[in-house]
Amino acid sequence: MQNTIVTYTPEEMKDIRQAYDEMILCIKSKFSEEDERQMFRAFEIAVDAHKEQRRKSGEPYVLHPIEVARICAAEIGLGPTAIVCALLHDVVEDTPITLKEIRQEFGDKFAMIVDGLTKLDGLHKSTSQQAENFKKVLTTLADDVRVVLIKMADRLHNMRTLGAMPRHKQLKIAAETSYIYTPLAHRLGLYQIKTEYQDLCMKITNRETYSEIARKLQETKRARTAFVESFIQPLDDALKNAGFENYKIFGRPKSIYSIWNKVKQKKVTFEEIYDLFAIRIVLDVPRAQEKQKCWQVYSIVTDVHTPIPERLRDWVTTPKSNGYESLHTTVIGPDGRYVEVQIRSVRMDEIAERGFAAHWKYKGGKDDSYNVFDAWLNNVRDILDTGDGDAVQFIEDFKTNLFNEEVYVYTPKGDLKILPKGATALDFAFSIHTDIGYHCQALKVNKKLVPMGYKLNSGDQVSVITNKNQKPSEAWLKMVVTGRARSKIRSSMKEEKRKQGEFGKEALQRKFKNLKIDFEENVEILVKYFGFQSRVDLFYGISIDEININNVLKNFTVENNKLVEIIEEVEEVVPTPASPRRSRKPKYEGKPKLRVGGQDADQYNYQLATCCHPVQGDDVFAYLTATAGMKIHRTSCPNATHLMAHYGYRVMKAEWVSTTNTNFIAELLIVGIDSGPGVIQQLSNKISNSLGLNIRSFYIDGNEGYFEGRVSLLIKNKDQLEIAIRALKEEEGISSVTRID
Ligand code: MN
């Protein structure tokens with residue numbers, strides 16, 4: 001390591017060594033001298049390889065792989081093999097070290113994992129390189145789960161240290177994280193990591209809300225602790241009386257993200273949320289007694305506090321498909337407040353917190369008749385095998401199967417099948433066997449015929465009637481949700497399309513021949529023009545007369561044997577929604593002032609996105625669309641995550657220039673008690689006269705004494721909007737006023 005002296009200061013070298021030693025102390029499993037030698041060798045290689053790199057914060061780069069290794073050991077519970085690979089995870093990509101050298105030094109297994117961790121280089125083949133990269137990771141996942149676990153640790157450390165990055169990069173990384181890493185962490189049962197991802201993402205995309213909730217949690221902490229104690233005390237006594245000794249009972253705060261989610265979903269304020277915590281009882285009992293003891297504790301809990309029967313969840317008898325096991329109930333605590341109680345064993349607790357990694361530790365303890373993780377991995381392999389190579393589609397399929405909860409259904413013989421929630425009878429057919437899916441003619445649920453798209457409920461018994469002449473059609477895609485069924489149907493459709501498309505191809509060839517232009521070159525121009533993924537779609541479209549090629553070619557001229565699109569100038573259109581009770585409609589006052597990528601935005605043809613209506617003062621970013629110029633979105637826009645995850649390279653930083661006098665459109669949702677026909681009068685009076693704001697449109701809807709109003713306002717900036725929201729909330733009969741995302 002003589003080279004390193006030049007590039008690290010003695011203090012840095014000391015810090016690096018110390019970080020390594022601390023990391024080694026975090027390894028929970030026993031390891032041999034050989035393991036130790038290998039880990040130290042990986043450390044030496046990493047220190048030397050990264051010697052010329054620094055992180056954005058200025059510290060030596062090598063501290064990053066060491067910290068990733070520490071997270072693997074301490075927070076995921078991985079052993080020496082994963083530590084070696086974590087230490088080496090960035091060397092092949094960023095330094096002269098090659099995969100071959102790693103194979104020579106450590107062997108095939110290590111090289112395979114490190115390869116999985118190495119991003120694909122520079123091939124900009126697909127719309128989203130991120131998707132390609134992730135597909136690669138998942139391909140290796142099927143061979144060795146550690147690849148994904150190390151990747152999770154890598155992402156976690158990057159998220160924790162995002163502060164040093166420029167804002168637009170923070171947004172892009174946060175979007176990727178919530179798009180794919182969070183659902184995957186959920187699926188792998190890495191609860192701790194998932195929760196931290198969610199909080200860290202929210203801290204970036206919704207900075208203000210995040211710190212507001214954090215502050216309120218801090219302020220109410222003391223009162224909450226007192227409440228938890230008054231709840232736990234009688235339970236603790238009752239458990240002791242019943243002879244329980246080895247257990248822990250404690251209150252667990254919910255994450256900031258999950259609290260925010262409740263605020264949004266239930267349209268309530270922070271103060272109105274009662275369950276800011278859950279009570280957890282963790283029993284140290286032998287595995288054979290787990291179930292019985294959990295139910296015994298349930299019985300004690302419900303003797304002390306009254307339960308709400310509909311809120312009982314038994315994932316002890318049937319674990320969730322991400323491996324989660326626990327018994328949940330909600331009871332009525334002191335002051336009539338609802339409290340969730342989670343009952344589980346030490347083993348279940350560890351699996352719930354660390355998921356997949358902990359799962360291996362306990363594997364083989366019980367005769368696992370249905371191993372949820374193995375079953376899931378088989379699904380991953382299926383999607384990979386049948387995928388048609390389109391990475392973005394693959395990730396979409398994957399996510400459908402990642403996010404969803406599940407339903408439990410049965411074959412006619414009584415075998416259990418676990419499918420994602422929302423899965424249909426046709427999904428079931430594909431889950432049995434591809435051929436059964438392909439030739440599915442009719443389906444019976446509980447002995448009655450149902451449509452193919454019938455949504456399954458837990459407990460349904462499903463049987464499939466096949467016919468060898470049956471085959472999948474386009475319409476089937478709308479009747480399935482599982483990745484397996486979708487990808488099977490799609491590959492069958494693709495084959496059909498390809499056959500059918502031959503006619504379209506021939507027609508196009510004739511047309512191009514008449515125009516005397518080259519086929520190969522110009523066909524791509526048309527594929528791009530329609531935004532198709534492949535030529536097959538174009539040929540197919542022509543063959544079924546969906547595309548009239550003569551009409552299409554009117555939009556082109558031929559220059560130098562090439563098709564050139566004729567572009568017309570398009571007037572800017574301001575959307576004017578039809579409104580049944582619209583008030584006066586003032587003029588929209590030109591464009592607001594922005595800076596994009598640090599420069600005056602006027603050089604771009606930009607518009608404010610109509611999906612999230614940003615106003616001056618909102619956190620925003622610029623997005624360069626493929627065909628409609630530049631759009632400005634709020635960072636909290638529901639579309640933002642998708643855009644940033646898929647088209648991160650089109651995202652640019654945007655800031656407001658605060659001196660403008662432009663009007664912005666903001667939409668509010670006002671909910672209240674309908675006190676009679678005067679309500680519109682009352683609200684519009686308040687808005688126009690007291691607040692001096694212009695109403696652009698006003699829809700109102702209500703029945704049985706309750707109303708919902710959607711009002712679109714013209715305002716100058718975010719402060720003005722907030723003052724308006726506060727003032728409207730104080731009006732008589734109004735229960736909530738929220739800005740529509
Ligand atoms: Mn890394």
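How are the donor residues of the manganese ion spaced in sequence? In this predicted model, the spacing reads H-x24-H-D-x63-D. The legends below begin with the whole chain and then turn to individual sites.

**Figure 1. Overview of the predicted protein chain.** The chain contains 29 helices and 23 strands. Of its 741 residues, 48% are buried. Among contacts with a separation of 6 or more, 66% are between residues 24 or more positions apart.

**Figure 2. The manganese ion and its protein donors.** Four side chains supply the donor atoms: His64 and His89 each through NE2, and Asp90 and Asp154 each through OD. These donors lie 2.2 to 2.5 Å from the manganese ion. Within this set, His89 and Asp154 link distant parts of the chain, being 65 residues apart. His89 belongs to the loop between helix 5 (80-87) and helix 6 (91-94), whereas Asp154 is part of helix 10. The relative accessible area of His89 is 1%, so this residue is classed as buried. Asp154 also counts as buried, because its relative accessibility is 11%, under the 20% cut-off.

**Figure 3. Packing of helix 10 with helix 11.** The axes of helix 10 (residues 146-160) and helix 11 (residues 167-187) come within 11 Å and cross at roughly 145°. The crossing is left-handed. Helix 10 contributes Val148, Lys151, Met152, Arg155 and Met159 to the contact, and helix 11 contributes Ile173, Ala174, Glu176, Thr177, Tyr181, Leu184 and Ala185. Sorted by class, these residues comprise 8 nonpolar, 1 polar and 3 charged. Helix 10 also carries Asp154, the manganese donor shown in Figure 2.

**Figure 4. Helix 17 and the glycine that follows it.** Helix 17 spans residues 346-354 and is largely enclosed by the rest of the structure, because 8 of its 9 residues are buried. The buried residues are Arg347, Met348, Asp349, Glu350, Ile351, Ala352, Glu353 and Arg354. After the helix comes Gly355, with a positive phi near 55°.

**Figure 5. Two buried cysteines, Cys294 and Cys440.** Cys294 has a relative accessibility of 0% and therefore counts as buried. Cys440 is likewise buried, with a relative accessible area of 0%. A disulfide is a covalent bond between the sulfur atoms of two cysteines. With a cut-off of 2.5 Å between cysteine sulfur atoms, the count of disulfides comes to 0.

Terms used. Residues are numbered from 1 along each chain as its sequence is written. This is a predicted model: local features need pLDDT of at least 70, side-chain atom pairs count only at pLDDT 80 or more; totals for chains, interfaces and linings use all residues. Side-chain values use heavy atoms; hydrogens and water are left out. Axes are lines fitted to C-alpha atoms, for helices over the stretch in contact, and angles run from 0 to 180 degrees between N-to-C directions. Helices (H or I, at least four residues) and strands (E, at least two) are DSSP runs, numbered from the N terminus. A crossing is left-handed if the near helix is turned anticlockwise from the far one by less than a right angle, and right-handed if clockwise. Contact means heavy atoms within 4.5 Å. Ala, Val, Leu, Ile, Met, Phe, Trp, Tyr, Cys and Pro count as nonpolar, Asp, Glu, Lys and Arg as charged, and the others, Gly among them, as polar. Donors are N, O and S atoms within 2.8 Å of the metal (3.2 Å for Na, K and Ca); water is not among the atoms, so sites may look incomplete. Buried means under 20% relative accessible area, exposed over 50%, partly exposed in between (1.4 Å probe, protein chains only).
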